Amino acid sequence: MSKQELPFQVADIGALAKSLKSQLEAHEGRAGHVQLLNMLARGAGYRNFQHYRAQAAALEQLENPAPTAPTVAIDHARVRRLMRHFDDAGQLIRWPNKFNEQATCLWVIWSRLPPRDSMTEQQISRKLNEMHSFRDFALLRRELVEQGLVSRTPDCRDYRRIEREPPPDALALIRYLSQRKPQ
């Protein structure tokens with residue numbers, strides 16, 4: 001096992017000296033290596049050396065965080081193509097032919113549904129009708145459920161948005177559409 005270097009610093013060296021003196025006087029016999037480490041740590045305000053080492057490791061992680069996973073690049077050309085399916089007000093004007101385009105456009109619809117709200121079939125149908133202009137709310141409702149973006153009870157009385165993290169392209173599409181100004 002390799003030796004881990006732990007820098008030691010105290011705010012008041014006088015207080016450390018007093019603490020060490022009183023701990024050494026209270027200790028019977030000659031103090032060993034571990035006892036001395038614990039005394040130094042207590043003199044610096046920690047419970048023991050293990051507490052000091054844990055605090056030093058936590059501080060090191062805070063000051064030097066582990067590198068994050070590389071971010072996934074957004075295909076801006078694809079996002080631009082997907083925006084053709086929406087009008088200036090952000091309404092879905094046509095259902096895309098390609099499945100992967102449908103899935104990304106559904107994320108926009110999903111983002112506009114209220115989180116943590118229970119909706120009846122009529123309520124979700126009304127909300128979906130406000131978000132598109134091709135008048136097929138049943139298609140959108142069914143696709144949202146099949147894609148795992150909305151849950152529904154077996155009797156179709158209760159619909160709820162499932163909280164998930166949209167993929168990067170969908171997040172970009174949602175962001176760009178939210179910047180459009182309705183006419």
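So, to start us off: is E101 buried or exposed? Keep that in mind while I say what we're looking at. This is a predicted model. Okay, back to the glutamate. E101 comes out at 11% relative accessibility, so it counts as buried, the cut-off being under 20%. As for where to find it, E101 sits in helix 5. If you click on it, look for L82 as well: the two C-alphas are 6.8 Å apart in space, although E101 and L82 are separated by 19 residues in sequence.

Now, stay around there for a moment, on to the charged surface. Which residues make up the positive patch? That would be R80, R81, R84, R94 and K98. Let me pick out one of them, R84. It belongs to the loop that runs between helix 4, residues 76-82, and helix 5, residues 99-112. R84 has 48% relative accessibility, so we call it partly exposed.

Right, salt bridges. How many are there in the whole structure? The search turns up 6. I'll walk you through some of them.

Let's take E25 and K21. Their side chains form a salt bridge with an N to O distance of 3.2 Å. Both residues are in helix 1, residues 13-26, and because they are 4 residues apart, about one helical turn lies between them. On accessibility, E25 and K21 are both exposed.

Then there's E121 with R141, a salt bridge at 3.1 Å, N to O. Here E121 is in helix 6, residues 121-131, while R141 is in helix 7, residues 137-146, so this pair ties together parts that are 20 residues apart in sequence. How accessible are the two partners? E121 has a relative accessible area of 28%, so it's partly exposed. R141 is down at 11% relative accessibility, so that one counts as buried.

One more of these: R157 and D155, where the side chains meet at 3.6 Å, again N to O. R157 is exposed, at 64% relative accessible area, and D155 is partly exposed, at 47% relative accessibility.

Last topic, the aromatics. A search of the whole structure gives 4 aromatic pairs. One of them is F8 with Y52, which is edge-to-face, with 5.8 Å centre to centre and 65° between the planes. That pair links distant parts of the chain, as F8 is in the segment before helix 1 and Y52 is in helix 3, residues 49-63, with their positions 44 residues apart. Is Y52 buried or exposed? At 7% relative accessibility, Y52 counts as buried. Its partner F8 is partly exposed, with a relative accessible area of 37%.

Y52 has another ring partner, Y46. That pair is edge-to-face too, at 5.1 Å centre to centre with 70° between the planes. Y46 itself is partly exposed, at 27% relative accessible area. And when you put the rings together, F8, Y46, F49 and Y52 form one aromatic cluster.

So, if you're going to open the model after this, here are some places to visit. Look at E101, buried in the model at 11%, and at the patch that includes R84. Then go to the E121 and R141 salt bridge between helix 6 and helix 7, and finish with the aromatic cluster that includes Y52. That's me done, over to you.

Definitions and conventions: Residues are numbered from 1 along each chain as its sequence is written. This is a predicted model: local features need pLDDT of at least 70, side-chain atom pairs count only at pLDDT 80 or more; totals for chains, interfaces and linings use all residues. Side-chain values use heavy atoms; hydrogens and water are left out. Patches are made of residues with over 30% relative accessible area and no salt bridge: like charges are joined within 9 Å, nonpolar side chains (Val, Leu, Ile, Met, Phe, Trp, Tyr) within 5 Å. Accessible areas come from the Shrake-Rupley method with a 1.4 Å probe; for residues, only the protein chains shown count as cover. A salt bridge is a side-chain nitrogen of Lys or Arg within 4 Å of a carboxyl oxygen of Asp or Glu. Lys and Arg count as positive and Asp and Glu as negative; His and the chain ends are not counted. The place of a charge is taken as NZ of Lys, CZ of Arg, CG of Asp or CD of Glu. Helices (H or I, at least four residues) and strands (E, at least two) are DSSP runs, numbered from the N terminus. Buried means under 20% relative accessible area, exposed over 50%, partly exposed in between (1.4 Å probe, protein chains only). Rings of Phe, Tyr and Trp (its six-membered ring) pair if their centres lie within 6.5 Å; planes under 30 degrees apart count as stacked, over 60 as edge-to-face and the rest as tilted.
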